[in-house]
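Welcome, and please have your viewer ready. We will make two stops, selecting residues as we go.

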Amino acid sequence: MTAAISPSAESGAPAAGGKVRESRLRRFLAIDTRESFITLAQTAAGQLLITFTAILAVAPYFGIWAGALAVAAAMTAVSQPALRDRILFAATWATAFVGTVLGENDTLDNIVAVLQQQMVDLSPAVLAIAFLLLLLVAATGALYWVRRNPQSILARRPLVTLLALEALLCGLASVEFMQGLPSVMLWAAIFVLTPYIWFLPYAIVDVRSRGGSSSLMQLAVLRPFWSPAYLPFGKGAAFLRKHLAKTPRDLAITQLKGVKLLIWATVLFALRDGLSWGFEAQLQIPALAQALDAFLRGQPYPLIVGWGAMILSTAKFSLKVAAWAHLFIGVARLAGYRLPRGSWRPLESRTLMDYFNRFHYYFKEMLVDFFFIPTFFKVFRNHPRLRMFFATFMAAGVGNAIWHFTRDIDLVATLGPTAALETYTSYAFYCVVLAIGVGISQVRITMGIRPSPTVIGRLYSFLFIWSFVVCMHVFSDESRNHTFEERFSFLVSLFGVS
C-alpha cells in the first residue's frame, strides 16, 4: 500500500527491474531528454511556445478563461520565484470564486437545487461567494490556531475533526424543523466546505512540522488552480516543496514533461470519444445504464452485447480518470513541480495492489496518508499480516467509501440521509470487495508471493485483474439510479444465470 509510482517511470523505467525497449515513437517524443529542446525551453521564445501549446491543450477541457488563467499563473510563478506564493494564492482563489460564479464546479448547482427544494428566493452566486469568503477566513484562522496550539484536537486529528464537523452540520441541516432559509444557509456552507475537507489536513500537518511552508502557500494549494477538484492532485505544500525544480535546467525538463502530459491527455480524451463513436454510434453497443435498464424491462441484450457494454464503460471510465489526472499534473509541472503522474500504465498491473497504485495514484496516496498509515501504526502490532490487511482495508474500503460519499453530499440534502445511503449501497459493496482483494494482494506480496514473470504469467495477471475490474464496474459506476439487487442480478445474468 505504501508503494508509489516513481516519477521516472513515465520515461520508460521499469517498475520492478529489468530492461525496457523504447519504441521509435517514444524516442521521438522524448523532448525532455534532448538538449536542444531543454535549451530552447530556457529562453523567452521557448517559454512562449510552451505557454501557447499548453493553453491549446488545456482550453477545450478547462474552458478558455480557466485554461488561460491556469497556464498563465503557472508560467508566471516560475518566472517570478520571489512572488510564487502570492501568484499561486491569487490564481487558486480567483479560480474558486470565478469558477463558482460561472457554475464551472458543482457548488452552484447544489445550492440551486436546495434553493428550489426549500422555495427560497436568493442568489446562489451570492451565497456561494459569501461562504467561500467565510471559508477563506476560517481556514486562515485554523492554520494560525494550529501554529499556536500544535497539541489541539484539530492539529492532531485534522481529518477526523473535519469529518465530524461535516457530519454535525449535515445532521443539523437534516432535522425536520430545519426548513427554509436556515436550511439553505447550512447546506450552502456544507457544499462550500466539503471539497476542502481533503486538502486542509495536508496544510495542518505541514503547519505543525518544522520547516513547513508559509500560511499563504498553504492557502494557495487548497484546491489549487491546476486541479479544482475534490481530490488533492499534488497532495499538500510539503509534497509540492519536495518536488519543486531547483535549477533552470530542471525547470525546463519539468515543463517539457508537463507539455508532453497535456498532449497525452488530449490523445486519451480523443481515444475515449473514438470509442464512443465506434462502438456506441456505429456498432450500437449500449451504455451500461441502457443495458441495465433493458435487462430490468425484461428485454435484455444478447450476452455478448451486455459484456461489450461493461467493457466499453470500464474503458471509457479508465480513460477519463487518466486524462483528467494528466491535465491536472501537466499544469502543475508547468508551475515547476515535477510531480509523479496521476495514472501510469494500469494495463501492465501484475497484482490488484499494483493496479491500485497505478490506476489513480493521488487517490491512493490520499487514502494511504489519511487512513492506511494512522491505522497501521495503531492496531494489531503483534500480528503483522492482519495489521497490513486491516490497514489496507481501512484505506481501500472505508476511506474510499467516505471520500465518494462526501463528494456526493448533495444527495443527502435533496433525498435525505436514509435515501442517500440507500443509493450508496452498490458503491459500498464495491469498496468492501475491492478492499478485500487489495488487502489479500498486499499480504501476499509481504509474504513474498509474486506473479510469474513469464508470458503466461503476465497474461494470467492481465486477465485476472481486468476481469475483476470489469465485473466490479457495474457496482462502482457513478450513477445512483439502480439498486444493488438490480446491479447484482444484471451481472449474474451475464454469466447465463437467470
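A polar contact here is a pair of N or O atoms within 3.5 Å; within protein, one must be able to donate a hydrogen and the other to accept it, and residues adjacent in sequence count only if both atoms are side-chain atoms. Helices are DSSP runs (H or I, at least four residues), numbered from the N terminus.

This is a predicted model, where local features need pLDDT of at least 70 and side-chain atom pairs count only at pLDDT 80 or more, while totals for chains, interfaces and linings use all residues. Residues are numbered from 1 along each chain as its sequence is written, and side-chain values use heavy atoms, with hydrogens and water left out.

Start by selecting Asn105, which caps the N-terminal end of α6: one of its side-chain oxygens is 3.1 Å from the backbone nitrogen of Thr107. Now extend the selection to residues 106-118, the 13 residues of α6. Just after α6 you meet Met119, with a positive phi near 55°.

Next, colour the buried residues of α6 (under 20% relative accessible area, 1.4 Å probe, protein chains only): Thr107, Leu108, Asn110, Ile111, Val114, Leu115 and Gln118. They sit on the same side of α6 because they cover an arc of only 160° around the axis, taken from the directions from the helix axis to the C-beta atoms. Show their partners too: they pack against α5, α7, α10 and α20.

For the second stop, select Lys235, in the loop between α12 and α13. Is Lys235 buried or exposed? Lys235 is buried, at 11% relative accessible area. Its side chain makes polar contacts with the side chains of Glu365, at 3.0 Å, and Asp369, also at 3.0 Å.

Methods
Helix = DSSP H or I, 4+ residues; strand = E, 2+ residues; numbered from the N terminus. Buried < 20%, exposed > 50% of the residue type's maximum accessible area, 1.4 Å probe, protein only. Expected span 1.5 Å × (residues − 1). Contact = heavy atoms within 4.5 Å.
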